[in-house]
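Thank you all for coming; I would like to take a few minutes to walk through one model with you. Please have the sequence and the structure open while I talk.

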Amino acid sequence: MRYVSTRGEAPPLGFVDVLLAGLARDGGLYVPESWPTLDGKTIAGFAGRPYAEVAVDVIRPFVGDDISEHDLARMAREAYGSFRHPAVAPLTQYGPNSFLLELFHGPTLAFKDLAMQLLGRLMDHALMKRSERTTVVVATSGDTGGAAVEAFRGRERVDLFVLFPQGRISDVQRRMITTPVDNNVHALAIEGTFDDCQAIVKGLFNHHAFRDRVALSGVNSINWARIVAQIVYYFTASAALGLSRKVSFVVPTGNFGDIFAGYVARQMGLPMERLVIAANMNDILVRTLASGRYEVREVVATESPAMDIQVSSNFERLLFDAYGRDPAGTRKIMDELALNGFFEIAAKPLAAIRAVFDAGRADESETRETIRAVHQASGYLLDPHSAVGIAVAHKLAVKAPFVSLATAHPAKFPEAIEQATGKRPALPARLADLGRREERFAVLPADPAAVAKFVIEHSRVTEGAIP
């Protein structure tokens with residue numbers, strides 16, 4: 001399996017090189033040269049099998065010969081063996097033909113764990129094989145940072161720098177980033193928004209001298225391996241429900257990585273009705289599907305902070321496909337975005353996107369009312385992100401059966417849950433003292449030069465190999 005950049009000016013790479021590179025050197029995102037497919041019998045056979053085994057079968061075509069099946073299977077077992085639910089990503093029915101896919105049973109109580117726990121092991125395996133060390137810089141709107149810290153803390157060959165927007169993530173999210181004591185973990189509170197954090201990370205990747213000096217790598221969903229790992233639960237959910245009827249998936253969406261994984265599953269042959277983009281008040285993708293104009297506006301702070309994003313990076317991967325895999329077309333519109341803050345999608349690609357995706361938004365009052373109504377009807381507590389998905393599903397009258405992705409544990413957002421229901425969800429026992437742990441973080445301006453200076457001063461990467 002070879003990978004190409006969406007902008008067409010970086011050399012094709014194999015899986016491990018893409019894993020360690022993160023962002024392509026031309027500023028584009030890596031995608032497979034072609035989509036692998038699975039036949040119906042294989043997909044149906046996923047029903048009832050252990051999650052780690054299904055993960056190997058889904059991921060293996062993307063890895064090729066870069067990692068042996070034995071090593072991939074071992075890493076999958078290790079990654080998912082610590083999840084608190086034996087099914088790893090269980091389905092819960094909350095209404096007639098309406099299901100929640102619970103993706104919050106990992107160590108940091110968010111869907112990011114399903115990719116990050118595997119990614120940490122894949123990267124460690126690749127670096128050990130090559131006797132190399134790397135510097136990982138990651139931007140987070142809340143959950144990615146904690147998941148990255150948990151996946152990489154204490155790893156000898158990785159230095160991790162997590163950029164989060166100061167004052168714009170929940171206390172639990174922040175403390176998962178700032179309280180670990182491992183020397184290879186560095187938390188950076190950026191005086192700005194998530195989009196500022198993400199722009200800094202992309203800028204560092206495009207500064208090739210800096211990138212080479214610190215052996216820079218990334219674990220945001222710009223890293224293809226993150227997308228690969230997230231494809232798996234679309235297959236396990238569909239197989240568990242049976243494939244006699246096509247299922248729609250409703251996905252709370254910020255950076256477009258989680259729902260793009262659903263698109264990849266569809267391209268691989270998974271029967272699917274619709275993919276529904278569920279946005280909060282930061283509704284750039286809802287506006288884009290309605291008008292064809294992708295236009296960046298000011299980020300609005302909400303109670304679903306992981307979705308407080310205006311620049312959805314993975315949308316570039318979808319545009320590449322929609323434009324007939326034409327890198328020149330993709331490069332043109334991304335240049336327009338950088339120059340003008342917007343671009344227009346041509347009629348044919350827009351029609352191709354609309355053929356697969358629907359989109360809707362829920363404001364703060366609709367989100368709170370959904371949390372309250374679901375709890376009153378069933379006793380189930382939704383976190384605000386998951387509630388956005390349910391609210392949009394009901395608003396758009398999504399055809400049943402549908403699966404809405406529950407992306408975080410409600411205890412990560414106790415104030416919002418308490419306001420909506422009067423109940424304050426508790427953290428699991430192993431995290432009960434999180435609020436008393438000492439925090440360690442640096443506060444930096446939204447300035448790439450300041451972040452680069454900090455990374456250089458604290459990264460352990462040196463020239464040449466290590467023992």
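Let me start with enclosed space, in what is a predicted model. On a 1 Å grid over the protein atoms alone, a cavity is a set of points where a 1.4 Å probe fits but cannot get out, and by this rule the count comes to three cavities of 30 Å³ or more. Grid points are joined across faces, edges and corners, and a volume is the space filled by probe spheres set on the points; in those terms, the largest cavity holds about 250 Å³. Its lining, meaning residues with an atom within 4 Å of a point, consists of 26 residues, of which Phe111, Lys112, Gly254, Asn255 and Ala306 are the closest to the centre. Two or more lining residues come from each of α6 (143-152), α10 (224-241), β9 (247-252) and α11 (257-267), where helices (H or I, at least four residues) and strands (E, at least two) are DSSP runs numbered from the N terminus. The largest contribution is that of α11, with three residues. By character, the lining divides into ten nonpolar residues (Ala, Val, Leu, Ile, Met, Phe, Trp, Tyr, Cys and Pro), four charged (Asp, Glu, Lys and Arg) and twelve polar, which are the others, Gly among them.

A word on conventions and confidence. Residues are numbered from 1 along each chain as its sequence is written, and side-chain values use heavy atoms, with hydrogens and water left out. Local features need pLDDT (the predictor's confidence in each residue, from 0 to 100) of at least 70, side-chain atom pairs count only at pLDDT 80 or more, and totals for chains, interfaces and linings use all residues. The mean pLDDT of the protein chain is 95, with 99% of its residues at 70 or more. Over residues 463-467, however, pLDDT stays under 50, and the model has six contacts (heavy atoms within 4.5 Å) for them beyond four places in sequence.

Turning to the sheets, two strands pair if DSSP finds at least two bridges between them. An open sheet of five strands runs in the order β8-β5-β6-β7-β15 with parallel pairing, and its edge strands, β8 (216-217) and β15 (442-445), each pair on one side only. Within this sheet, β5 (residues 134-139) is joined to β6 (residues 158-165) by six bridges, with valine 136 opposite leucine 160.

Now consider β4 (residues 98-102), which has five of its five residues buried, that is, under 20% relative accessible area with a 1.4 Å probe and protein chains only. Ser98, Leu100 and Glu102 lie on one face, and Phe99 and Leu101 on the other. Strand β3 (residues 91-95) pairs with β4 in the antiparallel sense over four bridges, and asparagine 97, in their hairpin, takes a positive phi near 55°. Strand β14 (residues 402-406) runs parallel to β4 and is joined to β4 by five bridges. Leucine 100 therefore deserves a look from two sides, as threonine 92 stands opposite leucine 100 in the one pairing and serine 404 is its bridge partner in β14.

Finally, helix α13 (residues 315-322) is largely enclosed by the rest of the structure, because eight of its eight residues are buried. Just after α13, glycine 324 takes a positive phi of about 70°. Threonine 6, in the loop between β1 (3-5) and α1 (15-21), is buried at a relative accessible area of 0%, and the residues it touches include Glu316, Arg317 and Phe320.

Definitions and conventions:
1 Å grid on protein atoms, 1.4 Å probe; cavity = no way out; pocket = protein on both sides within 12 Å on 5 of 7 lines; lining within 4 Å. Buried < 20%, exposed > 50% of the residue type's maximum accessible area, 1.4 Å probe, protein only.
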